[in-house]
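Take a moment to turn the structure around on your screen before reading on. We will walk through it together, one spot at a time.

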Amino acid sequence: MKRPTRGCGCAIAVLILLLGAGTFAFVKYGLPWWRTRPPKASGAELQVHVLDVGPIEGDSILLISPTGKSVLIDAGDAGKGKVVLDALKRYKVEHLDYFIATHPHPDHLGGADEVLNAIKVANVIDNGVDLSTPAPAVPAKPAKGKSAAPTPTQTP
């Protein structure tokens, strides 16, 4: 006895269309999402995340220890605090154990105010340099073969 096969062509065509649409949706939306997910840590590894927080020289590094302690070194250019906060959220950092300010330049500390106002920080460490007072002028070294004493045409 022969089975009726009428209508199978339409069912196969619909199945192929559904598989094609599903493949397209995965490539368009699923793969970019999959690639942006942070890798799962095994729990016994130190995580080091270098954050993109400046057009040229902005610096920010997030360290997460195997015990869960978190350290943020610098916070990038001004206006990049949101990028740092998004990274903290992505890596599930709810508070910082340490914030380290390497030196008071805008490409390192520009986003620090936004980060420090948005998240709890237990300890802040800086190098102690106060840029509110100008640094003492360093006298220029004389060129080789010339003395540092003024010549008769120079005024002292």
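**A walk through the chain**

Let us begin on the surface of this predicted model, where L46, V48 and V50 make up a nonpolar patch. Together these residues offer about 310 Å² of accessible area. Look at V48 within the patch: it belongs to strand β1, which covers residues 47-50. Is V48 buried or exposed? Its relative accessible area is 48%, and exposed means over 50% while buried means under 20%, so V48 counts as partly exposed.

Now step back to the whole chain. It contains four helices and five strands, and reading along the sequence gives the order α-β-β-β-α-β-α-α-β. The chain has 156 residues, and 22% of them count as buried. About 12,200 Å² of the chain is exposed, with carbon and sulfur atoms supplying 63% of that area. How do distant parts of the sequence meet? Among contacts with a separation of 6 or more, 60% join residues 24 or more positions apart.

Next, visit G128, in the segment that follows β5 (120-126). G128 has a relative accessibility of 57%, which is over the 50% cut-off, so this residue counts as exposed. Where does P104 sit in relation to G128? The two residues are 24 positions apart along the chain, and their C-alpha atoms are separated by 9.3 Å.

Finally, find the ring of W34. R37 lies over its face, at 4.5 Å from the ring centre. As for rings meeting other rings, the chain has one aromatic pair.

Methods: Residues are numbered from 1 along each chain as its sequence is written. This is a predicted model: local features need pLDDT of at least 70, side-chain atom pairs count only at pLDDT 80 or more; totals for chains, interfaces and linings use all residues. Side-chain values use heavy atoms; hydrogens and water are left out. Rings of Phe, Tyr and Trp (its six-membered ring) pair if their centres lie within 6.5 Å; planes under 30 degrees apart count as stacked, over 60 as edge-to-face and the rest as tilted. A charge sits over a ring if NZ of Lys or CZ of Arg is within 6 Å of the ring centre and within 35 degrees of the ring normal. Helices (H or I, at least four residues) and strands (E, at least two) are DSSP runs, numbered from the N terminus. Buried means under 20% relative accessible area, exposed over 50%, partly exposed in between (1.4 Å probe, protein chains only). Patches are made of residues with over 30% relative accessible area and no salt bridge: like charges are joined within 9 Å, nonpolar side chains (Val, Leu, Ile, Met, Phe, Trp, Tyr) within 5 Å. Accessible areas come from the Shrake-Rupley method with a 1.4 Å probe; for residues, only the protein chains shown count as cover. A salt bridge is a side-chain nitrogen of Lys or Arg within 4 Å of a carboxyl oxygen of Asp or Glu. Contact means heavy atoms within 4.5 Å.
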